[in-house]
Amino acid sequence: MYFKNALVFQITRDIGLSEPDAIEKLSAALNDFSFTACNSQDVYKCGWVSPLHHIDAEERLLAGDGRILLTFKKEEKILPGATVTKSLNEKVKAIELAEQRKLGKKEKDAIKDDIVQQLLPRAFSKESHLSAYISIPHNLIVVDTATAAQAETLLALLRKTMGSLPVVPIQSKSPAETIMTSWLSEPMHPEGFKIDHDAVLVGEGDETVKFKGQDLFSDEVIGHINAHKKVTELRLTWGQTLSVTFTAGLIFKGIKWAEEFKATNDEVGHEDIAARFDADFALMGGELEKMLLQAFKLLEVQRQED
């Protein structure tokens with residue numbers, strides 16, 4: 001349940017989720033784009049499943065405290081490139097030998113497509129899940145990934161599901177690497193956070209220096225900063241609840257939640273899986289949002305809220 005990453009998008013105009021029947025309408029729309037498994041000739045399939053898919057729950061969303069949790073599932077057939085290439089080369093060689101001519105690109109592509117179709121029924125499948133939540137009060141979508149391509153795949157399906165989805169990646173007024181570098185050079189712990197012991201610094205010629213488990217206020221680090229290197233990744237601790245790596249691309253990755261914090265809901269127990277999941281989502285979402293909003297303030301992220 002607890003997100004390990006946060007790639008955040010700003011909703012740029014009202015998408016109607018504050019309307020009285022908005023949740024019911026969204027739930028119905030998600031059902032229309034539910035996940036269905038690949039058939040023998042499909043390369044991949046994707047669609048919505050329940051956030052509680054591990055217990056075969058049917059509801060396609062979980063809503064509470066102004067947040068809507070969604071889960072995307074993808075099934076992809078795995079075709080080893082070497083196998084396809086080998087079969088292609090063998091068939092092309094045989095045809096060229098028989099017809100005494102070189103095949104063109106279009107002919108080779110057609111042969112390759114035929115090979116893929118022949119192999120698909122015997123290919124293994126890889127399944128993956130990706131969750132995101134919509135923060136209605138703050139006009140945000142938070143995706144549990146550090147990879148932009150994965151987030152865009154989920155958002156593309158959500159856009160298709162809803163009919164429109166006006167979102168952009170969060171942006172800052174000043175370069176995030178400049179701000180993070182200033183924290184080490186001053187030195188200072190940014191408000192609400194404590195600088196940990198891991199960082200990545202990059203120079204003008206893409207020279208990269210990585211620090212792990214080291215004092216980031218040391219003379220060695222300052223020396224690299226004085227040599228015009230910028231902080232592109234920085235590990236920080238947020239109170240007693242989590243640690244996270246800030247990146248120059250405004251991706252918050254490698255989130256680790258304190259076990260003591262997750263134990264907050266132990267009184268709910270684990271017998272009722274749905275109730276515990278709901279409680280954990282409320283706990284996680286509330287704390288993650290607090291952290292993100294403070295990070296936005298420090299990194300000068302431009303905001304649009306109701």
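1. A salt bridge is a side-chain nitrogen of Lys or Arg within 4 Å of a carboxyl oxygen of Asp or Glu. By this rule the count comes to 14. This is a predicted model, in which local features need pLDDT of at least 70 and side-chain atom pairs count only at pLDDT 80 or more, while totals for chains, interfaces and linings use all residues. Residues are numbered from 1 along each chain as its sequence is written, and side-chain values use heavy atoms, with hydrogens and water left out.

2. E233 and K253 form one salt bridge, with the closest N and O atoms 3.0 Å apart. E233 lies in strand β10 and K253 in strand β12, so the pair ties together parts that are 20 residues apart in sequence. Helices (H or I, at least four residues) and strands (E, at least two) are DSSP runs, numbered from the N terminus. E233 has 25% relative accessibility and counts as partly exposed; K253, with 27%, is also partly exposed. Here buried means under 20% relative accessible area, exposed over 50%, and partly exposed in between (1.4 Å probe, protein chains only).

3. Strand β11 covers residues 242-247, and 6 of its 6 residues are buried. In a regular strand the side chains alternate between the two faces of the sheet. On one side of β11 are L242, V244 and F246, on the other S243, T245 and T247, and all are buried.

4. Which strands pair with β11? Two strands pair if DSSP finds at least two bridges between them. Strand β10 (residues 230-238) pairs with β11 in the antiparallel sense over 6 bridges, and W238 stands opposite L242. Strand β12 (residues 251-257) is antiparallel to β11 over 4 bridges, with F246 opposite F252.

5. The hairpin of β10 and β11 has 3 residues between the strands, and G239 takes a positive phi near 55 degrees. The hairpin of β11 and β12 also has 3 residues between its strands, and L250 in the turn has a positive phi of about 60 degrees.

6. Is S50, in the loop between β2 (44-49) and β3 (62-64), buried or exposed? S50 is buried because its relative accessibility is 2%. Its side chain makes polar contacts (N or O atoms within 3.5 Å; within protein, one must be able to donate a hydrogen and the other to accept it, and residues adjacent in sequence count only if both atoms are side-chain atoms). The side chain of S50 reaches the backbone nitrogen of L52 at 2.9 Å, and a polar atom of that side chain lies 2.9 Å from the backbone oxygen of E59.
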